[in-house]
Amino acid sequence: RRLLVVGGLYAAAHLAVLMAGIEQWVEGGETVTYVGSEGARFKDAARPFADRVKVETPGYVGLDRLRALAADSAALLYVRNPDALYQHKLIELLSLDRPVISVPGESPEAHGIADALGARLISCAEASDVAAGLTKAMASGPVAVNRSRLVEYTWESQAMRLLAVLERGA
């Protein structure tokens, strides 16, 4: 079983919650893969359970490799940056057809997008939430995201929506 952690690790407190939740959940023998630019920081944070799992930090990976890693993963996890208002990272993760776990919890807008796509987004505030979310993800398996609805969230579609708003306001 693989867990795939994606993107920036941001606030130390949020990373600590994520890693403590993974530590509570792991049984041993799992692979925890981090794709992003903070591999050394991730490995350091994974020390408490690194003797029970395989920890991989390949750095940035191309889209094809990210898809392959996601296809081999039970869940996708990320540390949310509350200052980021665009949902592109979330949409990219939801499109990979796996349960997505966020620390800290995601916004109502993000949950609305996940619901509209038929995706599974699990918001976590505490380590126990992460562990419970991983258990739930393992029990439920992959997700079938609604591809026809996903098109509504492409950069082109979002640009058209913005243009319509700006034209109404002019």
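Reader: Which strands and helix do the buried residues of helix 6 pack against?
Author: Happy to start there, with the note that this is a predicted model. The buried residues of helix 6 are Ala127, Val130, Ala131, Gly133, Leu134 and Ala137. Their packing partners are strand 1 (2-6), helix 1 (12-25), strand 4 (75-79), strand 5 (100-103) and strand 6 (121-123).

Reader: Are the buried residues of helix 6 on the same side or on opposite sides of it?
Author: Take Ala127, Val130, Ala131, Gly133, Leu134 and Ala137, the buried residues of helix 6. They cover an arc of only 160° around the axis, so they sit on the same side of helix 6. Lys136 and Ala139 are exposed on the other side. For the buried set, then, the answer is the same side.

Reader: How far does helix 6 reach from its first C-alpha to its last?
Author: Helix 6 covers residues 127-140, which makes 14 residues. At 1.5 Å a residue, 20 Å is expected, and the model comes close to that. The reach from first C-alpha to last is 20 Å.

Reader: What phi does glycine 141 take?
Author: Glycine 141 comes just after helix 6. Its phi is positive, at about 75°.

Reader: Which residues of the largest nonpolar core touch the most other members?
Author: This core has 27 residues. Strand 1, helix 1, strand 2 (31-35), strand 4, strand 5 and helix 6 each give two or more residues to it, and helix 1 gives the most, with six. The residues that touch the most other members are Val5, Leu18, Ile22, Leu77 and Leu134.

Reader: Which residues does valine 5 touch, not counting residues up to four places away in sequence?
Author: Valine 5 is one of the core residues that touch the most other members. With residues up to four places away in sequence left out, valine 5 touches Leu18, Ile22, Val32, Thr33, Tyr34, Val35, Phe42 and Leu77.

Reader: How many aromatic pairs are found in the whole structure, and which residues form them?
Author: Searching the whole structure turns up one aromatic pair. The pair is stacked, at 5.0 Å centre to centre and with 10° between the planes. Both of its residues are buried. They are tyrosine 34 and phenylalanine 42.

Reader: Which residue forms a salt bridge with aspartate 72?
Author: The pair links distant parts of the chain, 70 residues apart. Aspartate 72 lies in the loop between helix 3 (63-71) and strand 4, and its partner lies in strand 1. Aspartate 72 is partly exposed at 45% relative accessibility, whereas the partner is buried, with a relative accessible area of 12%. The closest N and O atoms are 3.1 Å apart, and that partner is arginine 2.

Reader: Why are aspartate 64 and arginine 67 separated by about one helical turn?
Author: These two form a salt bridge, with the closest N and O atoms 3.5 Å apart. Aspartate 64 is exposed at 60% relative accessibility, while arginine 67 is partly exposed at 44%. Both belong to helix 3 and stand three residues apart, so their separation is about one helical turn.

Reader: How far apart are the closest N and O atoms of arginine 41 and glutamate 38?
Author: Arginine 41 is partly exposed, with a relative accessible area of 30%. Glutamate 38 is also partly exposed, at 22%. Their salt bridge has its closest N and O atoms 2.9 Å apart.

Reader: What do the buried residues of helix 3 pack against?
Author: Leu66, Leu69 and Ala70 are the buried residues of helix 3. They cover an arc of only 100° around the axis, so they share the same side of helix 3. The face turned away from that side carries the exposed residues Asp64 and Ala71. The buried residues pack against strand 1, strand 2 and strand 4.

Reader: How many residues of helix 8 are buried?
Author: Helix 8 (residues 155-169) has 15 residues, and its end C-alpha atoms are 21 Å apart, which agrees with the span it should have at 1.5 Å a residue. Helix 8 lies largely in the open, because the number of its residues that are buried is zero.

Note on methods. Residues numbered from 1 in each chain as written. Predicted model: local features only at pLDDT ≥ 70, side-chain atom pairs only at ≥ 80, totals over all residues. Heavy atoms only, no water. Helix = DSSP H or I, 4+ residues; strand = E, 2+ residues; numbered from the N terminus. Expected span 1.5 Å × (residues − 1). Buried < 20%, exposed > 50% of the residue type's maximum accessible area, 1.4 Å probe, protein only. Arc of directions from axis to C-beta. Contact = heavy atoms within 4.5 Å. Phe/Tyr/Trp six-rings, centres within 6.5 Å; stacked < 30°, edge-to-face > 60°. Salt bridge = Lys/Arg side-chain N within 4 Å of Asp/Glu carboxyl O. Core = buried A, V, L, I, M, F, W, Y, C linked by side-chain atoms within 4.5 Å.
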